Amino acid sequence: MSKLRKAAAKRRNIREAVEKSLVARKRRNRRFRLLGLGAVVMGMLLLAVMFTSIVGNGYGAFQRTEILLDIDFDPAVIDPRGSRSADVLMEADYMGLVKASLRQLFPGVKKRKQKRALYRLVSSGAGDQLRERVMKDPSLIGSRQGIWLIADDDLDQYYKHGEGQSRLKGQQLDWVAGLQADGRLRKVFNTTFFTAGDSREPELAGIRGALTGSFFVILITLGLSLPLGVAAAIYLEEFAPRNRWTDLIEVNINNLAAVPSIVFGLLGLAVFINFLGLPRSAPLVGGLVLTLMTLPTIIIASRAALKSVPPSIREAALGMGASKMQTVFQHVLPLAMPGMLTGTIIGMAQALGETAPLLMIGMVAFIADIPSSPLDSATVLPVQIYLWADSPERAFMERTSAAIMVLLAFLVLMNLLAIWLRRRFERRW
């Protein structure tokens, strides 16, 4: 009986130990799940704070302030000879008409210092607005029209965000109050932000030049990296013999994927600009540099897509008499293409957001003109954001956040496209 009691006690002790172990394991699992959930929640909160900060600082850039002025299109100023020649109309002093309208609106302003402060309420681009109107419709000459003109960035910031965000002071605030009381101020959608290039004046600065440069760069990068990356992946995965040379190539490809992007910028500066003599700040050079940077990513993603195709597909094709080339290009490649496209799109999204390698090849220069070809000097959207972020004006800070919103929108769309392609064409084995 004593032996039976000892055995029962031993079994009971073992059972209690197992139960305690299970309780402790469940507690650890619960704690780990809570830690994981907390990490996800913390990440989402930080992401929400970031997006809230960007949107809160940048939404105002999508609006601009305009001033209604009664412009007297004086023929003596615009076209004194009455020739209506395009050259004469182009060279007329349209800013003088704007200043004359402001003096008529505030006749009490007599001193030179006061006049300069008054003129600063209107953007320096107001004269260009009038020039465009007259060039399109010369019949305006000799008439008096109420024209909405772009306000200066200080007035724009004051009208949208209040006195704390503007450098207006003293009598300028009184003039603005008078304009508001007369209904001569309004906020409209800022088309200039999307249709103009860079400018020294915040209210005239836009992202069209940077968007055009980014388009050329991404077009060149995609046109070079996709065929080269897919071809390299097909050769390494399907045709290359397994020896120390292919092993060395694979190791170098994996290492290149982890190399800092600025190293590729130094390589592009040394090879494409200094050695080959390609134009500095050109999208062509930017596309070549980003091609070098994205090739390892595309090759690795393409090889992974080829590996995911079951060996039975290859064996069945070879068993039916297909050659190795036919097997790869008619059976394996179509099934692996969705994964390849997904990797390519993610690589392009990475290239779209790169700044460091493009700074090294001179795409940091101030470019006001819209590039018309990949050989013209240009900048890209991330570099434009970098340039604006370095400017002290509050209005440029606002446009920096707005440009980040546009860049994030493109990146989100490209990633959504990659997800859609994967779900639309991917096959599960």
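Which residues is Leu358 in contact with, once we leave aside its neighbours within four places in sequence? Hold that thought for a second, everyone, and thanks for coming. One thing before I go on: what you see on the screen is a predicted model.

So, back to Leu358. Leaving aside those neighbours within four places, Leu358 is in contact with Gly286, Leu290, Met363, Val380 and Val383. Leu358 also belongs to the largest nonpolar core, which has 40 residues. Leu358 is one of the residues with the most contacts inside that core, and the others listed with it are Phe193, Ile207, Ile361, Leu381 and Trp388.

Where do the core residues come from? Helices α10, α12, α13, α15, α17 and α18 each supply at least two of them. If you want to find these by number, α10 covers 208-239, α15 covers 324-352, α17 covers 381-389 and α18 covers 394-425. The helix that gives the most is α18, with nine residues. Apart from this core lies another one, of 34 residues, and Leu97, Val109, Ala126 and Leu168 are among them.

Now let's look at how some of these helices pack. Please find α12, residues 261-275, and α13, residues 283-307. Their axes are 9 Å apart, and the two helices pack at an angle of about 130°. That angle makes α12 oblique to α13. The crossing of this pair is right-handed. On the α12 side, the residues that meet α13 are Ser261, Phe264, Gly265, Leu267, Gly268, Phe272 and Ile273. On the α13 side they are Val285, Leu288, Val289, Leu292 and Met293. Sorted by class, this contact has nine nonpolar residues, three polar ones and no charged ones.

Next comes the pairing of α13 with α15. Here the angle is about 150° and the axes are 8 Å apart, so α13 and α15 are roughly antiparallel to each other. This crossing is right-handed too. From α13, the residues taking part include Leu290, Thr294, Thr297, Ala301 and Leu306. From α15, they include Val332, Gly339, Gly343, Gly347 and Ala351. By class, we have eleven nonpolar, eight polar and no charged residues in the contact of α13 with α15. Met293 is worth clicking on, since it appears in the contact with α12 and also in the contact with α15.

Let me finish with a few single residues. Ser261 sits in helix α12. Is Ser261 buried or exposed? With a relative accessible area of 16%, Ser261 is buried. Beyond its neighbours within four places in sequence, Ser261 is in contact with Met293, Glu354, Ala356 and Pro357.

Glu237 is a charged residue in helix α10. Glu237 counts as buried, because its relative accessibility is 16% and the cut-off for buried is under 20%. Not counting residues up to four places away in sequence, Glu237 touches Arg242, Arg303, Leu306 and Lys307. You may remember Leu306 from the contact between α13 and α15.

For contrast, go to Arg112, which is found in helix α5, residues 112-119. Arg112 counts as exposed, at 67% relative accessibility. And how far is the C-alpha atom of Arg112 from that of Pro260? The separation is 55 Å, for two residues that are 148 residues apart along the chain.

That's my tour. I'm happy to take your questions.

Methods: Residues are numbered from 1 along each chain as its sequence is written. This is a predicted model: local features need pLDDT of at least 70, side-chain atom pairs count only at pLDDT 80 or more; totals for chains, interfaces and linings use all residues. Side-chain values use heavy atoms; hydrogens and water are left out. Axes are lines fitted to C-alpha atoms, for helices over the stretch in contact, and angles run from 0 to 180 degrees between N-to-C directions. Helices (H or I, at least four residues) and strands (E, at least two) are DSSP runs, numbered from the N terminus. Angles under 35 degrees count as roughly parallel, over 145 as roughly antiparallel, 65 to 115 as roughly perpendicular and the rest as oblique. A crossing is left-handed if the near helix is turned anticlockwise from the far one by less than a right angle, and right-handed if clockwise. Contact means heavy atoms within 4.5 Å. A nonpolar core is a set of buried Ala, Val, Leu, Ile, Met, Phe, Trp, Tyr and Cys residues joined through side-chain atoms within 4.5 Å. Buried means under 20% relative accessible area, exposed over 50%, partly exposed in between (1.4 Å probe, protein chains only).
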